[in-house]
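Me: I am new to this structure. Please take a close look at one part, the contact between the two chains, and walk me through it.

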2 protein chains.
Amino acid sequence: MREFDLLRHIYEHNDALGAIVEIPPGDDMAMVRFGNQPILAAVDQLVAGRHVELDRVPLALVGRKAITRCLSDVAAMAARPIASLAAATLPPGFGEANANALFDAMHETAQRYGSPIIGGDIAFHADDSHPLVCSVTVLAVTSGSNRSPITRSGAKPGDRLYVTGVLGGSYQPDGGGHHLTFEPRMDEAILLSELLGEQLHAMIDLSDGLGRDAAHIAERSRVRIVIDAARVPCRDGLDWRRAMSDGEDYELCFAAGGTVPNMLGSTPVTEIGWIEPRGDESESMLIVKEGDRAHDGADMGWEHHS
Amino acid sequence: MREFDLLRHIYEHNDALGAIVEIPPGDDMAMVRFGNQPILAAVDQLVAGRHVELDRVPLALVGRKAITRCLSDVAAMAARPIASLAAATLPPGFGEANANALFDAMHETAQRYGSPIIGGDIAFHADDSHPLVCSVTVLAVTSGSNRSPITRSGAKPGDRLYVTGVLGGSYQPDGGGHHLTFEPRMDEAILLSELLGEQLHAMIDLSDGLGRDAAHIAERSRVRIVIDAARVPCRDGLDWRRAMSDGEDYELCFAAGGTVPNMLGSTPVTEIGWIEPRGDESESMLIVKEGDRAHDGADMGWEHHS
């Protein structure tokens with residue numbers, strides 16, 4: 001059972017959604033029209049033992065991550081968050097002080113990023129052997145009245161491919177690392193959208209790893225992506241395979257024409273590849289060039305499955 | 001650790017939410033304004049072993065309940081659902097066929113009630129000993145351009161108190177029962193709102209039991225509610241204590257002036273009590289009169305705690 005197979009089954013229902021759904025499931029956020037107002041929405045979960053180690057990570061950072069990983073989806077659309085809803089299923093012995101610490105961290109993080117928690121739900125597991133599960137839904141709007149959100153599906157042959165920040169090693173073996181403290185790239189995304197306008201063609205945030213996530217752009221844009229291994233910005237001397245596979249980077253990956261700055265505020269931007277027409281469907285949609293060699297990069301990343 | 005104590009802590013943050021939040025956490029749904037458009041939102045969870053027994057209930061009904069219990073919150077506001085987001089954390093060995101059956105049931109239920117699933121997330125537990133956790137967020141709009149949603153806080157002394165349907169015994173000892181097959185009272189709520197207009201003062205859906213849920217109306221409206229035990233409509237010969245305590249009824253309880261019909265479509269409406277001014281804070285806000293005796297009913301219901 002692989003997450004992507006399950007998601008593909010879900011996307012088969014998209015045709016039935018109706019006209020008010022302007023961006024159906026399959027992008028970083030969906031978009032639905034309420035009257036004249038388009039609203040973006042996404043949901044993300046944080047599962048203890050999978051996305052965070054409760055025995056090694058302070059609850060303040062657990063609550064922070066539950067919110068920020070959802071805000072990274074908002075950044076990927078170049079949108080602005082408006083409000084959040086947070087739900088948690090707790091082990092019955094979690095303790096009131098711990099529960100309050102968790103919710104306070106979620107509240108403070110959501111508030112700081114302009115996405116106050118407007119609704120919530122608390123449930124309890126049957127016994128204490130089961131882990132904390134948080135889910136956060138974020139609602140957002142496009143950043144300007146005439147702007148459309150940036151989807152995964154607009155990359156064009158001739159575009160260059162870019163990433164923000166450095167990649168790899170975000171989830172340390174001891175449970176710590178960048179995944180607990182990252183800043184969702186919302187300001188960078190909106191600045192980019194303002195600078196590039198129509199030339200910013202496709203964007204995604206990097207949660208599963210550059211290989212898998214860039215492949216989502218390639219698949220939905222029906223193009224091939226070529227990444228130059230030597231250009232991938234790696235954290236702390238990691239090699240490009242680790243940088244493309246580790247996941248949990250929460251950086252932006254985007255395809256654009258025009259002139260892209262090499263800094264967005266204090267965040268570096270690196271050109272790592274380019275977009276080609278998709279040839280034979282049997283060829284990989286994501287190629288990594290390492291000198292003379294070409295690797296299939298579409299499976300490089302963290303697959304959520306059993 | 002009691003759910004209500006945790007929620008009370010969360011509501012302390014409400015003052016910081018800002019002006020766009022028109023109904024803060026603490027009602028059946030929150031309301032936030034996007035441009036000129038008010039949007040209602042709520043999240044609810046379904047935890048295997050707590051809200052549903054996976055080994056005894058078909059997945060089609062599990063998925064149905066994950067959606068309908070959220071739509072019951074929409075009914076409580078007399079609102080109309082527009083879209084849903086669904087997230088699930090699965091045991092890794094749940095199986096693709098089972099996962100698809102669950103998501104198909106959620107999709108079909110959401111679609112049937114006009115609230116298509118526009119976004120989702122799938123995560124996996126670390127091992128198969130942990131239970132399925134679903135969370136569903138529903139987005140809704142008010143049912144007419146000039147209508148406000150019906151909150152818990154508008155009950156007035158002199159109002160009569162009503163419930164739809166019959167209460168108690170919804171969650172059978174074998175895991176079956178009304179809680180798996182109920183129709184969320186959305187049409188009844190909107191009809192009621194149209195019939196009564198400004199005379200429909202406060203409403204809640206009955207999930208924790210009539211005692212606890214009616215007490216939420218009393219608390220937020222700063223009134224006392226008196227329920228006549230003999231008038232409580234009980235399922236299958238249950239007594240009024242069971243009917244007020246069992247929970248999972250997903251019926252409407254509302255306070256209104258004016259003339260209330262005794263049927264809404266094919267759904268019966270029963271007058272069960274009245275609203276009085278709140279006297280001394282030390283007295284109970286929910287009294288059940290049984291002949292000459294008066295019981296404190298505010299704790300009658302299903303408390304979600306350890």
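Reply:
**Where chain B meets chain A**

A rotation of 180° with 0.0 Å of shift along its axis lays chain B on chain A, with an RMSD of 0.0 Å (a least-squares fit on the C-alpha atoms of residues with pLDDT of at least 70 in both). The two copies are thus related as by a two-fold rotation axis. In chain B, the C-alpha of His130(B) is nearest that axis, 2.8 Å away.

This is a predicted model: local features need pLDDT of at least 70, side-chain atom pairs count only at pLDDT 80 or more, and totals for chains, interfaces and linings use all residues. Residues are numbered from 1 along each chain as its sequence is written, chains are lettered from A and ligands numbered from 1 in the order written, and side-chain values use heavy atoms, without hydrogens and water.

How confident is the predictor? Chain A has a mean pLDDT of 92, and 96% of its residues reach 70 or more (pLDDT is the predictor's confidence in each residue, from 0 to 100). The complex gets an ipTM of 0.92 and a pTM of 0.93.

Now the contact itself. Chain B gives 71 residues and chain A gives 71 residues (contact means heavy atoms within 4.5 Å). Of the interface residues of chain B, 100% are also interface residues in chain A, so the copies meet through the same surface.

The buried area is about 5800 Å², and carbon and sulfur atoms give 69% of it (the accessible area, with a 1.4 Å probe, that two parts lose on being put together, summed over both). On chain B, elements that each supply at least two residues include α1 (3–11), β3 (37–47) and α3 (96–112) (helices are DSSP runs of H or I, at least four residues; strands are runs of E, at least two; both are numbered from the N terminus).

Which charged pairs cross over? The rule finds zero salt bridges across the interface (a side-chain nitrogen of Lys or Arg within 4 Å of a carboxyl oxygen of Asp or Glu). The whole structure has 30 over all chains.
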